[in-house]
Structures are given as C-alpha cells and as structure tokens.
Number of protein chains: 2
Amino acid sequence: MGYIEEFFEFLSIPSVGTMPEHKQDTLRAAEWLRQRMAQAGIQDTKVLATRGQPTVYGKVTAKAPGAPTVLVYGHYDVQPPDPLDQWLTPPFKPEIRDGKVFARGAADNKGGVFAAVAAAEGMIRGGGSPVNLKFFFEGEEESGSPNAPGLIAENKDLFASDLAVSVDGGGLDPGTPVACTGSKGICGLEIEVTGPAGDMHSGQGGGVVNNPLNALAAIMASMKHLDGKVAVEGFYDDVIPLTQAEREAFARAPINDEMLKRSTGVPELYGESGYTAVERMMGRPTLDVNGMWGGFQGTGTKTVIPSKAYCKITCRLVADQDPRKIVDLIDEHIKKHTPRGVTVKVTRGGMGVKAYLISLDHPAMSALIKTQKELYGKEPAVMRLGGTLPVSRMFLDTLGCHLIFFGASSADERVHAPNEFFRVEEFERLRTGLPVLLDELAKALR
Amino acid sequence: MGYIEEFFEFLSIPSVGTMPEHKQDTLRAAEWLRQRMAQAGIQDTKVLATRGQPTVYGKVTAKAPGAPTVLVYGHYDVQPPDPLDQWLTPPFKPEIRDGKVFARGAADNKGGVFAAVAAAEGMIRGGGSPVNLKFFFEGEEESGSPNAPGLIAENKDLFASDLAVSVDGGGLDPGTPVACTGSKGICGLEIEVTGPAGDMHSGQGGGVVNNPLNALAAIMASMKHLDGKVAVEGFYDDVIPLTQAEREAFARAPINDEMLKRSTGVPELYGESGYTAVERMMGRPTLDVNGMWGGFQGTGTKTVIPSKAYCKITCRLVADQDPRKIVDLIDEHIKKHTPRGVTVKVTRGGMGVKAYLISLDHPAMSALIKTQKELYGKEPAVMRLGGTLPVSRMFLDTLGCHLIFFGASSADERVHAPNEFFRVEEFERLRTGLPVLLDELAKALR
C-alpha cells in the first residue's frame with residue numbers, strides 16, 4: 001500500500017463531527033480531503049457549507065461520451081473516541097499491526113473514502129474513468145445527516161446521477177462479499193405520562209390515583225403482541241412483503257439464528273412469528289423502547305407514587321412505511337390505550353427516515369454481484385441492513401437514483417468502539433475493485 | 001404553655017435517626033428524654049439499646065390496684081430536614097409564629113412524645129394515674145422500626161400491657177378528631193429483567209432479541225386490571241372485607257373523593273371499581289410501581305436495546321394479608337407472565353409488615369370515641385391510615401394488645417417537609433386530653 005502515509009495523515013485529523021470542540025478539526029479534514037481529491041485529478045472540487053459540517057464534492061468526466069453518471073458516497077466524520085483508556089494506541093495516532101490500520105475512523109469511513117479517491121486517481125492516470133463520477137463525502141453521517149436533505153435538494157443539478165455507490169457499509173467476515181438490498185428507516189417519539197400533580201406517598205395515593213409508571217407499562221404493553229408483533233393498528237399496512245427470492249437469499253447468508261442466539265446471549269430469540277430472526281432483523285419493521293424511567297431508582301425502598309413517567313420509543317421501518325404516518329398511528333394508539341386517571345404527552349422525534357430498498361433484479365445489483373464474484377471468487381451474501389443509512393433514501397427521493405453498497409468493511413472492525421481498525425487488504429480490494437465495478441456499471445446502465 | 005422552653009430544647013437536638021452523622025444527636029435526644037421522664041416522676045426509666053437507635057422506656061404505677069396497663073407509644077427520631085433552603089427558620093432552631101411551633105419533628109412526633117410526658121407529670125403530681133403506664137418511645141420509626149420486633153420479643157414482660165396508645169398519627173383539620181381503626185401493611189420486591197448479554201444497537205437487535213424494557217412493561221401491565229384491581233392470583237384471598245358500619249363511617253368522614261381529586265390534581269380518581277377512593281385508600285390493598293428504569297434517559301435519541309430493565313414494587317396490604325405470602329404470589333405471577341426471550345430475577349424486600357385492624361366495637365375504641373366527643377365537642381371521623389405504622393401490628397402479635405391512635409396532629413403540618421409545625425393548641429389538647437382518655441380506658445378495660 002503506497003498510500004499509507006497519506007492515509008495516516010487523514011486519520012490523524014480528529015474529525016469528530018458531533019463534538020463542538022472538534023469543529024475546526026472536522027473542517028480541516030474536509031479541506032484536506034478536497035485538496036487530495038484535486039491532487040488526484042478530480043475536477044471542480046468544493047467544500048460545500050451546510051448549517052453543520054460541510055460536504056466535499058468533486059467530479060470526473062468519463063473517458064467516453066454517453067457514459068452513465070455515478071455518485072460516490074462516503075463520510076469523513078468519525079465517532080467520538082471514548083472511552084479513551086481502552087485504546088491500545090491513541091485513536092488519532094494510526095498504527096499498523098498485523099495487517100490492520102488501527103485508528104478512529106479507519107473503517108468508518110475514512111478507509112472507504114480514501115480508497116475511492118485513490119481508485120479515481122488510478123483511473124485518471126491510467127486512461128480515464130468508464131463512467132462520469134461525482135463525489136459526495138459528507139461530514140454529518142454520525143449525526144444522522146441532518147443537513148443532507150437540504151443540501152441535495154438545493155443542488156439537484158450538481159449531484160444529478162444515474163446511480164449512487166456507497167463506500168460506507170459493509171459486510172460480514174473479510175473475504176465474504178455482501179450484496180445489500182436495503183436499509184431500514186427510522187422514526188421515534190417520547191411519551192410523558194402525568195398522574196398526580198406532585199410525587200405522592202403510596203399510602204396516600206395508592207388506590208386513589210393512577211400511578212403513571214403502571215399506566216406507562218400498560219400503554220407500552222398494549223403496543224406489542226406476546227410474540228413481539230407490533231399491535232399498533234395499521235403498522236404493517238404499507239410493508240412490502242419479503243419476496244421468496246429474498247427469503248431464499250437471506251437463508252443462504254453466512255449468518256443464521258443459531259449464530260445470533262450465541263452472539264446476543266439471550267435465552268431465546270424473539271419476534272414476530274412466521275419469520276426467522278435473520279428475516280426480522282433485515283426485512284421486518286420493529287418497535288423498541290430505548291429508555292424508560294420514573295420514580296425512585298436508588299438503593300432500598302421509597303414508597304413513592306411519582307407524578308411523571310417517561311419513555312423513548314423508536315421504530316425501525318421497512319419500505320414502504322412512512323415515518324410520519326407510523327408516528328401518527330402510534331400516537332392514535334397511545335390515545336386509545338391511555339388508562340383513565342393520567343394524561344399523556346407525546347413528543348415526536350423529528351421527521352424520521354424512510355427505509356431504502358433496491359430490487360435484486362435492478363441492473364446495478366446484477367453489476368454489483370458480477371463484480372463481487374470476480375473480486376472474491378464467490379457469490380455474495382444477499383442481505384439488508386437492520387440499521388439506517390439516511391442518504392440512501394434521500395438520493396432516491398430527491399435525485400431519482402438508487403444506491404448500491406460497495407463497502408469493504410468487515411463486521412469485526414470495532415466500528416464506534418475502541419481499537420477500530422481497517423484491514424490493508426480490504427483497502428486494496430476497494431481501491432482496485434471500484435474500477436471493476438464501474439466498468440460493469442458502465443455496461444449495465446448504458 | 002409552660003413547657004415551651006423545654007420543648008424547644010428537645011426540638012433543638014437534631015435526632016435524625018436515619019443519618020449516621022446524627023447518631024450521637026439521636027442518642028443525646030434519647031438520654032434527654034429519659035432524664036425528663038425521670039424528672040416527671042416516671043419510674044424505672046431506661047434507654048434500651050438496639051442494633052440501631054435505642055428505645056426509651058419508663059413506667060408509672062396506677063393510683064389504685066387492679067387497674068389495666070397502657071403502653072404509650074411515640075418516637076423521638078425525626079426526618080432529615082432537606083431541602084434546607086426552603087425553611088423559613090432553621091429546622092433545629094424552634095420558633096413560635098402564629099400559635100405554631102416551627103421545627104423539624106415538632107409534629108412528627110416530638111410534640112406528641114413531650115405532651116405525653118407532660119401529661120404523666122401532671123397526673124403523678126395531681127394524685128396519680130388511673131392506669132398503670134408504660135412508655136415505648138422509639139428512635140427508628142422513620143427507618144421503618146427494623147429493631148422493634150426483636151426488642152419487643154426479648155422484653156415481653158417489660159412491655160406487657162392491656163392496650164397500646166400511640167401519640168403518633170393524627171388527623172385531618174385541627175378541631176376534628178379521628179378514630180382510626182387500622183393501618184396498612186406493606187411488602188415489596190424488585191424485578192431485574194435481562195435480555196441480551198450487553199446493550200445492543202436497535203438495528204441489530206430489533207426483531208432478534210426481546211427488549212427487556214418492553215418485557216418489563218408486559219410483566220407490570222399483567223399485574224393490574226384496567227380498573228386498577230390487582231390481577232395477581234390470590235391477592236385478595238385473605239382480605240377482610242370492609243364492614244357496612246365502616247363504610248358508612250368512612251362516608252361520614254370529612255374527606256371525600258371530590259377533595260381527593262382536587263388535592264392530588266389528577267384528571268380522574270382511579271382504582272378498583274365498587275369502592276370510593278376514600279374506601280380504597282383506607283381499606284383496600286394496592287400494588288404500585290415506585291420506580292422503573294432502563295436504557296437511555298438523556299436528551300435526544302439513542303437507538304439502544306438495553307441489556308437490563310428494573311423496577312421496584314410495593315404493596316400496601318390490609319388485614320389479614322400476609323406480606324410473605326403476597327410476595328410469593330407476585331413472584332409466581334411474574335414467573336407465569338415473563339415473556340419469552342428474557343430472564344427475570346426477583347429480589348424480595350425484607351420481611352414486610354402486616355396490616356393492623358381494630359374493630360369499632362372494641363371497648364378501647366368506645367373509650368376513645370367517648371373521650372374525643374368530650375374533648376372536641378363532636379363525633380370523631382372514623383378512618384384507617386393508608387400508610388403503615390409497623391409497631392401497631394407488632395404489639396398485637398407479640399404482646400397480644402391492641403393499639404389505638406390518640407395523636408393530635410393535623411394534616412397540614414408539613415410532616416416530612418420543610419417548615420414542619422405543631423400547633424400549641426394541639427399540644428395542650430393532647431397533654432390535657434390523655435388523662436381523660438386514660439380515665440375512660442380504666443373503666444372500659446377493667
């Protein structure tokens with residue numbers, strides 16, 4: 001890897017986009033990236049300001065006219081490095097050990113971004129790109145991409161493309177490619193239940209007032225059937241069912257219920273009957289309480305009936321559920337299931353994000369799968385992300401282009417945790433593989 | 001009130017029995033009380049050590065042989081004074097304003113204790129007591145009287161009596177006497193629900209593992225019917241039903257559902273149908289969550305599925321429910337209603353306390369009601385305490401004697417809160433009223 005010193009330079013900039021004290025570092029990383037892109041021969045490079053962290057743009061004109069345009073997506077912001085004392089070497093002093101580059105952001109996602117730039121450089125110097133390239137390297141992925149929708153909508157022409165390729169997102173074990181057909185959407189809300197005007201002694205309030213903690217438990221319990229299926233009316237109405245082809249493909253993925261049971265440590269896997277846990281994780285919507293609290297949490301006993309009880313809920317959505325409609329349905333459900341004697345306030349958690357889905361039959365997926373077979377010498381595992389990549393759906397809704405995932409990351413890289421790393425081998429596979437994919441896409445999207 | 005300076009001296013000792021830094025002060029209050037009792041002519045005064053705070057004992061022999069023996073109960077420990085900044089005058093610098101003595105412990109219960117000593121002094125100097133008197137002034141009431149059962153059991157002969165009279169506990173408004181026919185028992189437990197071995201990202205765990213917060217909500221919701229009636233099998237089996245006489249008496253009490261609704265600020269009163277809220281508070285058992293927590297409680301969103309969820313439960317019991325049996329029943333209920341995919345650990349909260357009940361027909365109750373009519377010029381309100389006075393049942397179970405409440409406290413005295421006070425008028429009523437009650441009891445219990 002001839003790029004190692006430069007990659008280390010990129011990794012040593014602590015671009016923790018979520019931390020105000022690293023605002024200047026994040027800007028510095030954006031400018032470093034823009035300069036490196038320009039040096040690679042990428043044209044029209046810009047650091048596009050937003051209300052938050054900027055997006056770095058650039059473009060490459062295809063060597064032949066009439067070629068499709070591909071938007072390469074990645075992000076240069078990184079997660080906070082805490083807890084610092086668990087890092088074997090400092091998070092922003094990269095080090096290679098055993099063929100792995102250890103640093104915050106190495107895998108998520110500076111490795112992918114820098115490999116894409118290196119790949120573009122190679123193509124430019126070697127005779128040109130088979131497709132028109134555009135680059136969208138954002139600085140707010142770890143913050144949920146709050147300013148991306150506005151930026152994309154205001155710069156539709158600049159970003160207009162036939163397909164997006166994400167170098168973020170990845171796979172299972174090194175050596176096993178993943179063909180990802182979607183990511184989940186998300187929506188959330190908070191519930192505040194109020195009983196008596198102030199905290200009460202349970203000898204005075206017991207039998208007199210409804211306890212907001214008991215009432216909240218009743219509300220939350222009403223939202224799910226015993227098997228874990230969501231009981232909110234209309235919740236599944238817009239769900240696009242898993243196709244038989246997808247279910248068969250998921251079943252062939254090198255991940256199964258037995259592995260999930262072992263890795264999570266639960267006595268029994270749990271969820272909507274009629275689906276495997278793998279199918280539920282990848283392709284069925286879920287509703288979870290992420291936090292719940294009220295009353296006395298200390299040691300010992302305090303016989304209080306609290307005035308307030310709280311909980312936070314998020315749903316992971318699948319296509320074609322609408323996050324606003326789902327929050328509406330939950331809101332109605334809460335109203336219908338609020339016990340007597342308490343009042344409930346629901347606070348909606350922002351706009352939410354829609355799920356993203358791409359058909360296995362899409363020509364870009366065929367090109368991806370063909371490329372992966374060539375690069376890895378085996379069939380990719382067909383999967384969907386249980387998590388959310390906000391931009392995937394934004395590109396589709398605003399630019400009309402689908403996105404495919406071409407990350408080279410493996411599941412063991414301690415993304416978001418101490419001692420994050422990226423394999424040199426994976427960097428090389430991405431750098432040399434991206435041109436192969438673009439060749440295939442040039443043919444597929446013509 | 002000729003006792004004011006002495007009462008102030010008693011009140012200025014910060015006998016906060018629950019706080020280790022006030023251990024010496026609490027001992028000092030016990031010794032101060034013993035000396036004052038001896039000075040009053042009470043015989044055989046002792047400070048009886050326990051593992052915690054001591055109990056102060058003394059006795060007075062009746063002026064005539066064959067008289068019954070009455071055990072006067074009260075406590076000299078006080079609640080912590082926090083929050084200090086809300087006191088108009090320091091909690092341990094007593095002050096009289098507007099006929100009220102302001103100080104921590106003035107109402108709960110040093111006023112009652114000191115008035116009882118003053119009453120005994122009056123009788124001793126004025127020709128003797130109509131009954132044999134024993135005194136049991138404890139220092140752990142605010143800690144739940146953990147060492148009282150042992151002390152009573154080990155000193156059965158010393159404390160042996162025909163009746164106990166509590167100068168703790170009280171009433172409604174000044175000028176309205178209360179004839180209290182019981183206090184509730186209590187039992188408690190904690191639930192710990194474990195889902196995955198560690199906290200999970202909801203995109204990875206959603207649909208795969210059961211969320212311990214959702215599971216806990218289901219467990220808690222299963223414990224109560226929608227109207228608030230407890231759904232734990234067998235919970236009501238040993239409940240002694242309210243008698244028609246009690247229900248009629250409760251209905252005449254100067255407290256009603258409309259007042260409760262106003263004072264608690266709830267949109268609607270709540271509980272087991274078929275009873276008024278007053279009846280439920282005084283005479284029906286309840287089950288309440290006192291605290292519940294797990295997952296993310298901060299601002300914003302964290303899409304976590306936590307490994308653990310917790311809650312604390314207490315029940316207020318009525319006669320003749322057994323606290324251990326009730327905890328057993330709840331434990332069985334939890335086992336039966338634990339959803340798949342999680343494990344549950346139940347921690348029992350000590351031995352619990354049984355409810356106390358005395359019939360309106362008991363001769364001591366007739367003597368009490370007759371005395372109250374004489375002292376206040378009106379019928380007492382018949383009520384039961386929604387709260388728990390542990391010793392009431394202990395005296396009955398260990399010494400075989402019932403207890404009646406002869407407190408002079410009013411509901412507005414800010415017991416356990418800043419600016420606690422006791423009316424001088426109430427102190428006087430207790431001091432002069434106790435000999436009247438003892439005269440009646442001498443006749444009733446002969």
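In this predicted model, helix α12(B) passes helix α14(B) in a right-handed crossing. Let's start with this pair and then turn to the sheet.

**The helix pair**

Helix α12 of chain B covers residues 363-376 and helix α14 of chain B covers residues 424-444; they pack at an angle of about 140°, with their axes 9 Å apart. The two helices are therefore oblique to each other. If you would like to find the contact on screen, look on α12(B) for residues including B:Pro363, B:Leu368, B:Thr371 and B:Leu375, which meet a set on α14(B) that includes B:Arg429, B:Gly433, B:Val436 and B:Leu441. By character, the residues of this contact divide into nine nonpolar, three polar and four charged.

**The sheet**

Chain B also has an open sheet of six strands, with mixed pairing and the order β1-β2-β6-β3-β7-β17. At its edges lie β1 and β17 of chain B, each of which pairs on one side only. From one strand to the next, the twist averages 20°. Helix α2 of chain B (residues 23-39) packs on this sheet, where it touches β1, β2 and β6 of chain B, and its direction makes about 175° with that of β1(B).

Here is where to find some of the strands:

| Strand | Residues | Note |
|---|---|---|
| β1(B) | 43-48 | edge strand |
| β17(B) | 402-405 | edge strand |
| β2(B) | 55-60 | touched by α2(B) |
| β6(B) | 132-138 | touched by α2(B) |

Further along, strand β3 (residues 69-75) and strand β7 (residues 163-166), both of chain B, pair in the parallel sense over four bridges. For a handy landmark, B:Leu71 has B:Ala164 in β7(B) as its bridge partner.

How values were computed:
Residues are numbered from 1 along each chain as its sequence is written. Chains are lettered from A and ligands numbered from 1 in the order in which they are written. This is a predicted model: local features need pLDDT of at least 70, side-chain atom pairs count only at pLDDT 80 or more; totals for chains, interfaces and linings use all residues. Two strands pair if DSSP finds at least two bridges between them. Axes are lines fitted to C-alpha atoms, for helices over the stretch in contact, and angles run from 0 to 180 degrees between N-to-C directions. Two residues are in contact if their C-beta atoms, placed from the backbone, lie within 7 Å. Angles under 35 degrees count as roughly parallel, over 145 as roughly antiparallel, 65 to 115 as roughly perpendicular and the rest as oblique. A crossing is left-handed if the near helix is turned anticlockwise from the far one by less than a right angle, and right-handed if clockwise. Ala, Val, Leu, Ile, Met, Phe, Trp, Tyr, Cys and Pro count as nonpolar, Asp, Glu, Lys and Arg as charged, and the others, Gly among them, as polar.
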